[in-house]
Amino acid sequence: METSVLFPGEAEGYVQNLETFSLRDIGSPRWFRQHEYIEKLNMQAILNASATATQDEFVKELLVSLGKIPTLVHEMILVELWKQKVFPIFCQLQDFNPKSTFPLYMVIHHEASIINLLETIMYHKDSCEGADDSVLDLVDYCHRKLTLLASRASRDDAPTQDRLSHTESGDSSSMQDLQGQNAALEFEISLKALSVLRYITDHTDSISVINRMLCTHNLPCVLVQLVQHCPWSRYSAGWSLNKYMNGKWQRVPSEDHLKMTKLDGQVWIALYNLVLKEDCQRKYDFNNFNKNQLLKLRGFLTEVLIDQLPNLVELQRFLSHLTVTDPAPPKKDLILEQIPEMWNNIMRDNMGKWKAIAKYQVKEMFNPSEKDLRQQALRLAQTYNLDVMESLIPEKPKCGACGAEASKRCSRCQREWYCQRECQVKHWSKHKVACQLMAEVTEMLQKDLAVTPTEREADIADILD
């Protein structure tokens, strides 16, 4: 029997109820309810996409038919701005010591959930069409993420989770831990944005979108930087090659050093589309700077690479031709061009209010009572069903300490896996903080089960109201 998070009827109700929020409302009970909707839709969309071809991708179909993709884009940009403008103020407040930082982490994680859902559905052309004018906002979003990714890679400064593991040793504050988790999550979000951008280059034929990608943001040059610095690949101590795959850094055996990863493929396909598509060639200015940047790709287009992605031979031929020619500059046509609005509208509505919003949210949103935390823990436990979560993982669990195949689970939190007790003991100093957090959630659930049936029914009615 196939694992399922939502039935089609439930998913339709969730999608219909998706709405846009103001920055001030982030963290409210209504906002958290929508966060749970999106988490479940995200998990079901992944299950649909990874299932057999006979199963309908009903989450994608509902988001397209009900016109809710622009809502997802808006909510993603809203949290992105909140993280840039409001969250740093939280971190500077000396007297802000919440009982739990988990509600704050859920807000930070909200952006990752939406970009993951978009990555799953934007593979399809009708999703790109269903995004309508919000594709422009999505292109701007991807450009911001990829520019940040490229700049950090050029400084060898990718904020990945293993580089921040020292914050989990217990000698840092919970807010410092949260900042570290935010930085690590930002890296993963940027990689998802790369895939979303590639799908947009696959499907779009909008003059405004093409102009935004090529003329406003010069995305081919940004992608060249990613090819050069490859932020998802690095050498560790001892000069062993590690690549970021399936959400974590993995050591690559010597025989696979030249094997293309999914992320490598996304960059090359996006470049192929932006440079070789007829509509793009008409719009792109192959001036001296852009030409010299693109010609840097020739050194990376090896026979081994082209054998893995044969279409790149056409890009290789084009670049060889580009070395001896100077393409004519694009014609300056007079056109009515659409511009993205979401970022600018949110900034305009909240300019100068960041501190006031932070103070309001500290008091009203992120200082919950024990009862509120207990109710939230109950809802989260219902959302993150362990059996469903395991079905989303394509491979067998790996030991958290040594990376070997694991069969034993941490008895306290039930989330981390180990191959033997020695590895669990060795890994405890790093796992302690996360384990404690999950134990707190479990304890809240146990308290919930201890209340009388009447109290429990009243709590559940409040949640579902």
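Helices (H or I, at least four residues) and strands (E, at least two) are taken here as DSSP runs, numbered from the N terminus. The exercises below concern a predicted model.

**Exercise 1. Locate aspartate 132 and asparagine 246, and state whether each is buried or exposed.**

Solution.
1. Aspartate 132 lies in the loop that links α7 (125-130) to α8 (134-154).
2. Its backbone has a positive phi of about 55 degrees, although aspartate 132 is not a glycine.
3. A residue is exposed when its relative accessible area is over 50%. Aspartate 132 has 53% relative accessibility and therefore counts as exposed.
4. Asparagine 246 sits in the loop between β2 (241-245) and β3 (248-251).
5. Asparagine 246, not a glycine, has a positive phi of about 55 degrees.
6. With a relative accessible area of 62%, asparagine 246 is exposed.

**Exercise 2. Determine whether the end-to-end span of α9 agrees with the expected value, and how many of its residues are buried.**

Solution.
1. The expected span is 1.5 Å times one less than the number of residues.
2. For the 30 residues of α9 this gives 44 Å, and the end C-alpha atoms are 43 Å apart, which agrees.
3. The cut-off for a buried residue is a relative accessible area under 20%.
4. Of the 30 residues of α9, 22 are buried, so the helix is largely enclosed by the rest of the structure.

**Exercise 3. Describe the packing of α9 against α12: geometry, handedness and contact residues.**

Solution.
1. Helix α9 (residues 174-203) packs with helix α12 (residues 262-276) at an angle of about 35 degrees, and the axes are 9 Å apart.
2. This crossing of α9 and α12 is left-handed.
3. On the α9 side, the contact is formed by Leu191, Leu194, Ser195, Arg198, Tyr199, Thr201 and Asp202. From α12 come Lys262, Leu263, Gln266, Val267, Ile269, Ala270, Asn273 and Leu274.
4. Sorted by class, the contact of α9 with α12 comprises 8 nonpolar, 4 polar and 3 charged residues.
5. As background to the spacing, an α-helix has 3.6 residues a turn, so residues three or four places apart point the same way.

**Exercise 4. Characterise the region annotated as MYND-type, and then the protein as a whole.**

Solution.
1. An unreviewed UniProt entry carries the annotation "domain: MYND-type" for residues 399-435.
2. Over residues 399-435 the chain is 41% helix and 11% strand, with end C-alpha atoms 15 Å apart.
3. The protein contains 22 helices and 5 strands.
4. Of its 465 residues, 48% are buried.
5. Among contacts between residues at least 6 apart in sequence, 74% join residues at least 24 apart.

Conventions
Residues are numbered from 1 along each chain as its sequence is written. This is a predicted model: local features need pLDDT of at least 70, side-chain atom pairs count only at pLDDT 80 or more; totals for chains, interfaces and linings use all residues. Side-chain values use heavy atoms; hydrogens and water are left out. Axes are lines fitted to C-alpha atoms, for helices over the stretch in contact, and angles run from 0 to 180 degrees between N-to-C directions. A crossing is left-handed if the near helix is turned anticlockwise from the far one by less than a right angle, and right-handed if clockwise. Contact means heavy atoms within 4.5 Å. Ala, Val, Leu, Ile, Met, Phe, Trp, Tyr, Cys and Pro count as nonpolar, Asp, Glu, Lys and Arg as charged, and the others, Gly among them, as polar. Buried means under 20% relative accessible area, exposed over 50%, partly exposed in between (1.4 Å probe, protein chains only). UniProt positions are given in the numbering used here, feature names are shortened, and annotations may be inferred rather than shown by experiment.
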